[in-house]
Amino acid sequence: LAGAIVCVSKRLSHVQKELGDIVSELGGEFISAYSDRCTHMVHQSKPGEVVPREVLRAREQGKRLVSSGWVYACKGSGSWLDEADFPSAHYERLSLVGHVSTILVPKQRSQQSTSSQAGSPKHPASLPHSEVCLPKEPQSMEPQARRLTESQEKINDQLDEIMMAAKAAGRRRSLRPAPVPVPASPIHPVLTATDSTKPSVITSLPLPDSESQFVGITWDDPTRRMEMARLAGKLAEMEPASPPATEHSPDRVDDNVFEEAEPVVEPPPKVFVISGFSDEQKIRYASIISKLNGVLLTSKAYNPEMTHLVLLQALKNERYLAALASGKFILHAAYLDDSAKAGKFLDEEDYEWGGPLTESCLLNLSTASTKSHKGKGQQAFAPRRWRQRIAQDADHKGAFSDWRVAIYANASKEAAYVNILTAGGATIVSTEVVGADLEAGEITHALFDTGMAKGVQLDLLISAGTLCLKAEYMATFLVDDPVPPAEKFYIPEVLKILDISGSTDSVTAASKRTAASASARSNLALGAKRKKQ
């Protein structure tokens, strides 16, 4: 690679050092950042992906854009290979570069044609030089075609027998036999006429059972060959096996042998969201997810399509709480690291927050002091508890299945609250329904941000058995185990109405608190019944 000045894009930063060492070893110059001196930009992406800025700049300046495979291939061959064979936007399954080849296929001859060849070989001189068929020298040219397997030889023999039978039947009827179509394959190539082939040439082409010593030239399509082999393997796997013969029915044939096999249903892809990592770590984990055929979502808001949330540490943000409420897998970063080593996605339970790795992960966090470790313990162990609880209860689709919630918050926070609650199966009720005709169970919970209770008819909500709580109760309900009593999160305005905070009589305060809790429990049951209806 003498004279080559190579730069690696940021997307391949995880292999930058390795590629740089190879370039230097091969006599080239490696630069860590892109500049106008660069002659080759190493980049890897799939068609349609967003291209980094330095790659766009290199393309505009006419630099060579190659994949990392070019560097490895140059090292393997010990020479400067053609860059066109290693495009940066490369899809291997659709690539035909370097696989088109010419194959000489020997002609299988019948016994009659072999006996007629005992004399001197024929060399037609009427065929033009550009004809598809080439003469075969009887002495000098040695057969270079690949050896035929036993199954291929059997196919050839069967085809020859069919051809001979067709010719014999044609002679008996005194009719000219129609040519038997031969499948297009490397064993029996079919010669077709192109626009440049003359009619006289077509008539002189040898038939499959001809005595000519010509061989055909065909193009080998590796993609078709690989796909045919793959389909044949799938058909062999789906072919139902015949049952073993029994004493009562030794010659019994399975009636289901020829029934159509059920299609193989592939599992849906794993959809990931990663949070709390640096930009370099995000690029690395995005590459791992893509290589293992997973899907990565980059939205900061919760997306219901997400199936796995990977966290550096458990934080009470929207995505964490929504995944918690919906019973999704919330995993440690070690899950992606170990999956990359194994070459496939591993079982999630061993890497789940709340699983065996959680305690050691909390101890290893750089910010974990004794006090913060205790504070983060509840939210770190909550994911497994909620996922198992939701999976075991078929009637509940989430942590808030029986909740019918009215939200009193500003627009930005309300959107996040709605995402978390609906992810947990709650029903969002408009605040406009609060009126004199409000029925018990119509609203089970009313969540308030600070200062948002002004002007709300709290007496109607309380009389209908609605729990009027601070919005933080939603996160506490998900994280804490056991869940603290809801009355500890009453908003101050409700406490004034119930005279709980100002009451000097502990018996009176306790009775009012008990009555409010009983009413709320009854209201929650009514809400669950209303949702089932």
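Modeller: A crossing of two helices counts as left-handed if the near helix is turned anticlockwise from the far one by less than a right angle, and as right-handed if clockwise. The model discussed here is predicted.

Biologist: In which hand does H1 pass H3, left-handed or right-handed?

Modeller: Helix H1 covers residues 16-25 and helix H3 covers residues 68-77. Their axes come within 10 Å. The crossing of H1 with H3 is left-handed.

Biologist: Are H1 and H3 oblique or parallel to each other?

Modeller: The axes of H1 and H3 cross at roughly 40 degrees. Angles under 35 degrees count as roughly parallel, and those from 65 to 115 as roughly perpendicular. The two helices H1 and H3 are therefore oblique.

Biologist: How many residues of the contact of H1 with H3 are charged?

Modeller: On the H1 side the contact is made by Glu 18, Leu 19, Ile 22, Val 23 and Glu 25, and on the H3 side by Ser 68, Val 71, Tyr 72 and Lys 75. Five of the contact residues are nonpolar and one is polar, while the number of charged ones is three.

Biologist: Which strands are the edge strands of the sheet with the order S2-S1-S3-S4?

Modeller: This open sheet has four strands with parallel pairing. An edge strand pairs on one side only, and here that applies to S2 (29-31) and S4 (64-66).

Biologist: Which residue of S2 stands opposite Cys 7?

Modeller: Cys 7 and Ile 5 point one way from S1, Val 6 and Val 8 point the other way, and all are buried. Strand S1 (residues 5-8) pairs with S2 in the parallel sense over three bridges. Opposite Cys 7 in S2 stands Ile 31.

Biologist: At about what angle to S2 does H1 run?

Modeller: H1 lies across S1, S2 and strand S3 (40-42). The angle of H1 to S2 is about 155 degrees.

Biologist: In the sheet with the order S8-S7-S9-S10, which residue in S10 stands opposite Leu 311?

Modeller: S10 (329-332) is an edge strand of that sheet, as is S8 (295-296). Strand S9 (residues 308-311) pairs with S10 in the parallel sense over four bridges. Opposite Leu 311 in S10 is His 332.

Biologist: What angle does the direction of H10 make with that of S10?

Modeller: Helix H10 (residues 334-342) packs on the sheet and touches S7, S9 and S10. Its direction and that of S10 make an angle of about 75 degrees.

Biologist: Is Leu 421 buried or exposed?

Modeller: Leu 421 is found in helix H13 (residues 411-423). Apart from residues up to four places away in sequence, it touches Phe 400, Trp 403, Val 405, Ile 407, Ala 426, Ile 428, Leu 447 and Met 474. Buried means under 20% relative accessible area. The relative accessible area of Leu 421 is 0%, so this residue is buried.

Biologist: What separates the C-alpha atoms of Leu 421 and Phe 400?

Modeller: Along the chain, Leu 421 and Phe 400 are 21 residues apart. The separation of their C-alpha atoms is 6.5 Å.

Methods:
Residues are numbered from 1 along each chain as its sequence is written. This is a predicted model: local features need pLDDT of at least 70, side-chain atom pairs count only at pLDDT 80 or more; totals for chains, interfaces and linings use all residues. Side-chain values use heavy atoms; hydrogens and water are left out. Axes are lines fitted to C-alpha atoms, for helices over the stretch in contact, and angles run from 0 to 180 degrees between N-to-C directions. Angles under 35 degrees count as roughly parallel, over 145 as roughly antiparallel, 65 to 115 as roughly perpendicular and the rest as oblique. Contact means heavy atoms within 4.5 Å. Ala, Val, Leu, Ile, Met, Phe, Trp, Tyr, Cys and Pro count as nonpolar, Asp, Glu, Lys and Arg as charged, and the others, Gly among them, as polar. Two strands pair if DSSP finds at least two bridges between them. Buried means under 20% relative accessible area, exposed over 50%, partly exposed in between (1.4 Å probe, protein chains only).
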